[in-house]
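Open your viewer and get ready to select a few residues at a time. This tour goes through charged pairs and then along a helix.

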Amino acid sequence: MVTMDPEEIFSLTDCETERTPAELLEWVEEKTRLLRSISGGDSQLLPCMGLARKFLDEMYPLSLLVNHLFGERLDVVCKPNLEDDEFDAIVIDYRDPPLRVQKIEFVHAILCYEEFLHRLYLQQKAPVFTFGKLGGKEKKSAHASDEAVPHVVLLNKGLELFVKAARTKSGKVYGRDTSLVIVFDDYATFRTRDDVATLEEFINAEILPMDLDFERLFLLGWSGETILSYSLSGQNLRKARSS
């Protein structure tokens with residue numbers, strides 16, 4: 001295991017450098033490898049503050065989003081915004097004049113942040129939640145299979161988190177040049193086609209009617225494999241799930 005303060009991996013200038021989607025993905029993968037080497041596979045050794053936290057919460061999902069939307073294009077660049085709270089990143093699109101600048105705001109709907117870290121740094125498969133973990137306490141016994149949370153319970157809790165996440169942005173002024181991205185768990189919770197269909201029905205019924213001042217809403221699974229997109233002007237522009 002490498003001995004290094006995780007904050008030494010990041011600098012504000014490096015984090016806010018403009019990159020194409022492919023360059024950002026390569027940079028994120030490089031930083032992720034460094035964080036894995038520091039943690040030795042133990043996510044509890046990683047800090048949840050500073051630029052390291054910004055990397056996990058904003059830069060990592062930004063790399064997934066822009067690569068899904070723009071792929072290998074060289075005429076689109078993106079840049080995290082870490083110095084103020086007005087928005088989290090910008091995407092500059094040079095494809096057609098005049099150039100278009102789109103702001104990005106991230107919010108999380110993740111049931112267990114610790115499992116999120118484990119997934120990134122241990123590359124685990126879908127975790128098995130227990131009632132102890134959901135209650136904020138780790139089980140001392142290694143035999144917790146009988147207390148595993150039923151999937152329907154996880155599904156309902158996941159839907160509740162979408163409502164809570166959207167409400168934090170409801171009624172605020174962002175503008176039609178800004179998109180909202182809700183990052184969610186598509187490993188343990190919304191991992192099947194039926195789950196995603198349930199999520200889409202829920203979003204249409206409960207989230208889209210909210211007072212959300214954004215041009216578009218993205219639902220981004222932390223695996224990078226599930227991305228749903230909605231126009232908040234009432235027209236559903238695109239829904240995609242890649243396998």
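A residue counts as buried when its relative accessible area is under 20%, as exposed when that area is over 50%, and as partly exposed in between. Keep those cut-offs in mind as you click around this predicted model.

**Stop 1: a pair between a strand and a loop**

Select Glu105, which is buried at 5% relative accessibility. Now add Lys169, buried as well, with a relative accessible area of 11%. Their side chains meet in a salt bridge, with 2.7 Å from N to O. Glu105 sits in strand β3 (residues 100-109) and Lys169 in the loop between α6 (151-167) and β4 (178-184), so this contact ties together parts that are 64 residues apart in sequence.

**Stop 2: a pair between two helices**

Next, select Asp14 and Lys31, which form a salt bridge whose closest N and O atoms are 3.5 Å apart. This pair links distant parts of the chain: Asp14 belongs to helix α1 (residues 12-15) and Lys31 to helix α2 (residues 21-39), 17 residues apart. Is each partner buried or partly exposed? Asp14 is partly exposed, at 23% relative accessible area, while Lys31 is buried at 7%. Add Arg19 to your selection: salt bridges with shared partners join Asp14, Arg19 and Lys31 into one network.

**Stop 3: a pair within one helix**

Move on to helix α3 (residues 50-70) and pick out Arg53 and Asp57, which are four residues apart and therefore separated by about one helical turn. A salt bridge joins their side chains, at 2.6 Å from N to O. Arg53 is partly exposed, with 27% relative accessibility, whereas Asp57 is buried at 15%. If you would like to keep hunting for such pairs, the structure holds nine salt bridges.

**Stop 4: the two sides of a helix**

Finish with helix α7 (residues 193-207). Its 15 residues reach 20 Å from the first C-alpha to the last, close to the 21 Å expected at 1.5 Å a residue. Which residues of α7 are buried? Colour Asp195, Val196, Leu199, Glu200, Phe202, Ile203 and Ile207 to see them. These buried residues cover an arc of only 165° around the axis, so they lie on the same side of α7. Then turn the helix and give another colour to Arg193, Asp194 and Glu201, which are exposed on the other side of α7.

Key
Residues numbered from 1 in each chain as written. Predicted model: local features only at pLDDT ≥ 70, side-chain atom pairs only at ≥ 80, totals over all residues. Heavy atoms only, no water. Salt bridge = Lys/Arg side-chain N within 4 Å of Asp/Glu carboxyl O. Buried < 20%, exposed > 50% of the residue type's maximum accessible area, 1.4 Å probe, protein only. Expected span 1.5 Å × (residues − 1). Arc of directions from axis to C-beta.
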